Amino acid sequence: MKKFSVLLMGLLLPMLAAAQTVKSPNGNVSLTFSLSDKGQPTYEMSYKGKAVIKPSHLGLELAKDKHASKGMEETDLMDGFTETGSKTSTFDETWKPVWGETATIRNNYNEMEVNLNQASSKRNITIRFRVYDYGMGLRYEFPQQELLNYFVIKEEHTQFAMTGNHTAYWIPGDYD
């Protein structure tokens, strides 16, 4: 029995190491990040132990542009990733808006930064998750790197596989 338990732990340990979780400051919202077997970034979210967002993939499709990225053939930033590092942090501040309905606003979240590398394109990307007591936000970041001059995003493939008819807030990204 003891050998079976050790074997089972040995088989499950890589799966546990592959998924990372960050919780909201009050612990009600939980976000888990992992890479699929194809290296596709995936996340899921729960509230008080109940799934709110089922496993959803992240990724960007790049436009073919001969001038982008020092002339290299563009690739999609959707799969083929390996994780190069991650860290979590906590942020808590209260600030006073110039005008509005409330005198103070509290900005309190736990953050998980996941650093990824796509070997085929030699590109690095960071996905930053912020988990609040009432929800979560995410963003893609592109650190300065030798083989990335600039690029054009053709399509965003960020998924939100909601489990029901939930409320979502977003900021349009097509303004300038």
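Let us start at the surface: tyrosine 134 counts as exposed, at 70% relative accessibility. Here exposed means over 50% relative accessible area, buried means under 20%, and partly exposed lies in between, with a 1.4 Å probe and protein chains only. Tyrosine 134 sits in the loop between strand 8 and strand 9. Helices (H or I, at least four residues) and strands (E, at least two) are DSSP runs, numbered from the N terminus.

Before going further, a word on the model itself. This is a predicted model, in which local features need pLDDT of at least 70 and side-chain atom pairs count only at pLDDT 80 or more, while totals for chains, interfaces and linings use all residues. Residues are numbered from 1 along each chain as its sequence is written, and side-chain values use heavy atoms, with hydrogens and water left out.

From tyrosine 134 we can step across to serine 24: their C-alpha atoms are separated by 8.2 Å, although the two are 110 residues apart along the chain. Serine 24 belongs to the loop between strand 1 (20-23) and strand 2. Unlike the exposed tyrosine 134, serine 24 is buried, with a relative accessible area of 3%. A polar atom of the serine 24 side chain lies 3.2 Å from the backbone nitrogen of asparagine 28. Leaving aside neighbours within four places in sequence, serine 24 is in contact (heavy atoms within 4.5 Å) with Val29, Asn110, Val131, Tyr132 and Asp133.

Now for the whole chain. The chain holds one helix and 11 strands, and from the N terminus on the order is α-β-β-β-β-β-β-β-β-β-β-β. Of its 176 residues, 31% are buried. Among contacts between residues at least 6 apart in sequence, 51% join residues at least 24 apart.

What lies inside? The largest nonpolar core has 24 residues, and Leu31 and Phe129 are those with the most contacts inside it. Strand 2 (29-35), strand 3 (41-47), strand 4 (50-57), strand 5 (60-62), strand 7 (105-118), strand 8 (123-132) and strand 9 (135-141) each supply at least two residues of this core. Strand 8 gives the most, with four residues. A nonpolar core is a set of buried Ala, Val, Leu, Ile, Met, Phe, Trp, Tyr and Cys residues joined through side-chain atoms within 4.5 Å. Not counting residues up to four places away in sequence, leucine 31 touches Gln20, Thr21, Val22, Tyr43, Glu44, Met45, Met112, Phe129, Val131 and Met136.

Met136 brings us to the largest pocket, since it is one of the residues nearest the pocket's centre, along with Gly137, Phe160, Tyr169 and Trp170. In all, 29 residues line this pocket, and about 1,400 Å³ of space lies in it. Strand 3, strand 4, strand 9 and strand 10 (153-156) are the elements that give two or more residues to the lining, and the largest share, six residues, comes from strand 9. By class, the lining has 21 nonpolar, six polar and two charged residues. Ala, Val, Leu, Ile, Met, Phe, Trp, Tyr, Cys and Pro count as nonpolar, Asp, Glu, Lys and Arg as charged, and the others, Gly among them, as polar.

A search of the whole structure also finds one cavity of 30 Å³ or more. Its lining includes Pro41, Leu58, Leu116 and Tyr140, and by class has nine nonpolar, one polar and no charged residues. On a 1 Å grid over the protein atoms alone, a cavity is a set of points where a 1.4 Å probe fits but cannot get out, and a pocket is an open set with protein on both sides within 12 Å along at least five of seven lines; lining residues have an atom within 4 Å of a point. Grid points are joined across faces, edges and corners, and a volume is the space filled by probe spheres set on the points.

Leu116 leads on to threonine 82, which touches Leu35, Asn115, Leu116 and Asn117, not counting residues up to four places away in sequence. Threonine 82 is found in strand 6 (residues 81-95) and is partly exposed, with a relative accessible area of 46%.

Finally, look at two loops. Lysine 48, between strand 3 and strand 4, has a positive phi near 50° and is exposed at 59% relative accessible area. Lysine 122, between strand 7 and strand 8, has a positive phi near 55°. Most residues other than glycine have a negative phi.

Key:
Polar contact = N/O pair within 3.5 Å; in protein donor to acceptor, adjacent residues only side chain to side chain.
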